[in-house]
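Biologist: I would like to go through this model one element at a time. Please define each term when it first comes up.

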Amino acid sequence: MTKCLLGFDIGGTKCAVILGQADGEQIHIIERKAFLTPVAAENTLLKLEATAREMLIEHGGQPEAIGISCGGPLDSRQGRILGPPNLPGWDDVPISKRFTTTFGVRAHLQNDANACAFAEWKWGAGRGVSNLIFLTFGTGMGAGLILDGHLYSGACDLAGEVGHIRLAESGPAGYGKHGSFEGFCSGGGIMRLARRYGFKADDARQVFVAASAGDPVAVQVIETTAQYLGRGLAVLVDILNPEMIVIGSIFARQRDQLWAIAEQTLRAEALPASFSACRVVPAALGDQIGDYAALSIATLTA
């Protein structure tokens, strides 16, 4: 049975509205419209609603369910956004209730990392596995967890905040903590690590480009990041014993420069049986993962 689904991907820089069609286990994106995130929360919400109405009128559809993907903190059970750091002014926004009222169908809210994990599990690299970890490895470092075939969000929606784990006594800051997983393994963290080593970079991409060209300082930065990626993975492998870890964004684009050292470190630090049982792969949904993530949350309510 074919179902019309509506997805909202809300970010600090840009937002997207996605109209999709689910047919059994398959999903098809009909249309996507994106725009820069307005400063005020209310203006953003109005723009999301207006854009969705335009798309529904254009395609003559009525959604059967709505999925909303947004960075935390949030309360997925109550459908409330609780002041994400990249969305100033979004304090206690009852977005699920609002969109349910606006569109007349149930809307479900989920943390963006959880939504990406669910999407990769349903339609991407994680199809067919029961225990999966998705790592964002983008602007920050967060995780979404699929445990025993179910999305796991924890007691207060904070499961998977792996970027807060301290991997070293000192190091670049991330998630408010020096030496954290996010400090070593995120776009901002790599840039700050590069500056510690005396390499001036405006973003992580410049560091990878320089390392690929053989710059010795840039190579040292990337090797350090790869080593701490392996340490972080070992913690997750030992604690959760997953079948698969899917890593998006920077890792998906720069796997060739990161994986050799990361795998060596992971192999050395994780339990041998747990290491052997787990595959580490790049995200399969590529640049569209945010679109599929929002739609995947809609399937929870359809």
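Biologist: In what order do the 5 strands of the open sheet with mixed pairing that includes β10 run?

Modeller: This is a predicted model, in which local features need pLDDT of at least 70, side-chain atom pairs count only at pLDDT 80 or more, and totals for chains, interfaces and linings use all residues. Residues are numbered from 1 along each chain as its sequence is written, and side-chain values use heavy atoms, with hydrogens and water left out. Strands (E, at least two residues) and helices (H or I, at least four) are DSSP runs numbered from the N terminus, and two strands pair if DSSP finds at least two bridges between them. On that basis the order is β10-β9-β8-β13-β14.

Biologist: Which strands are at the edges of that sheet?

Modeller: An edge strand here pairs on one side only. The twist from one strand to the next averages 20°, with axes fitted as lines to C-alpha atoms, for helices over the stretch in contact, and angles running from 0 to 180 degrees between N-to-C directions. The edge strands are β10 (150-152) and β14 (279-282).

Biologist: Which residue of β10 stands opposite Leu 147?

Modeller: Strand β9 (residues 143-147) pairs with β10 in the antiparallel sense over 3 bridges. In one of these pairings, Leu 145 has Tyr 152 as its bridge partner. The hairpin of β9 and β10 has 2 residues between the strands, and Asp 148 takes a positive phi near 50° there. Opposite Leu 147 stands His 150.

Biologist: Which residue of β9 stands opposite Phe 134?

Modeller: β8 and β9 run antiparallel and are joined by 4 bridges. β9 is mostly covered, with 4 of its 5 residues buried; buried means under 20% relative accessible area, exposed over 50%, and partly exposed in between (1.4 Å probe, protein chains only). The residue opposite Phe 134 is Gly 144.

Biologist: Which element gives the largest share of the largest nonpolar core?

Modeller: A nonpolar core is a set of buried Ala, Val, Leu, Ile, Met, Phe, Trp, Tyr and Cys residues joined through side-chain atoms within 4.5 Å. The largest one has 45 residues, and Leu 135 and Phe 137 have the most contacts inside it. Elements that give it two or more residues include β8, β9, α5 (187-196) and α8. The largest share, 10 residues, comes from α7.

Biologist: Which residues, including some beyond position 246, does Phe 137 contact outside its neighbours within four places in sequence?

Modeller: Contact means heavy atoms within 4.5 Å. With neighbours within four places in sequence left aside, the contacts of Phe 137 include Cys 185, Ile 190, Leu 229, Ile 247, Phe 251 and Leu 258.

Biologist: Why do the buried residues of α6 lie on the same side?

Modeller: The buried residues of α6 are Ala 204, Val 207, Phe 208, Ala 210 and Ala 211. What covers them includes α5, α7 and α8, while the face turned away carries the exposed residues Arg 205 and Ser 212. The buried residues lie on the same side of α6 because they cover an arc, taken over the directions from the helix axis to the C-beta atoms, of only 165°.

Biologist: Which strands stand at the edges of the sheet ordered β3-β2-β1-β4-β7?

Modeller: That sheet is open, has 5 strands and shows mixed pairing. Each edge strand has a single partner, so one side of each is left without a neighbour in the sheet. These strands are β3 (26-36) and β7 (107-111).

Biologist: What is the bridge partner of Ile 66 in β7?

Modeller: Strand β4 (residues 65-70) and β7 pair in the parallel sense over 5 bridges. Helix α2 (residues 95-103) lies across β1 (2-10), β4 and β7, at about 150° to β7. The bridge partner of Ile 66 is Ala 107.

Biologist: How many disulfides does a search of the whole structure find?

Modeller: A disulfide is a pair of cysteine sulfur atoms within 2.5 Å. The sulfur of Cys 116 is 12 Å from the closest cysteine sulfur, in Cys 70, too far for a bond. Cys 116 counts as buried at 11% relative accessibility. The search finds 0.
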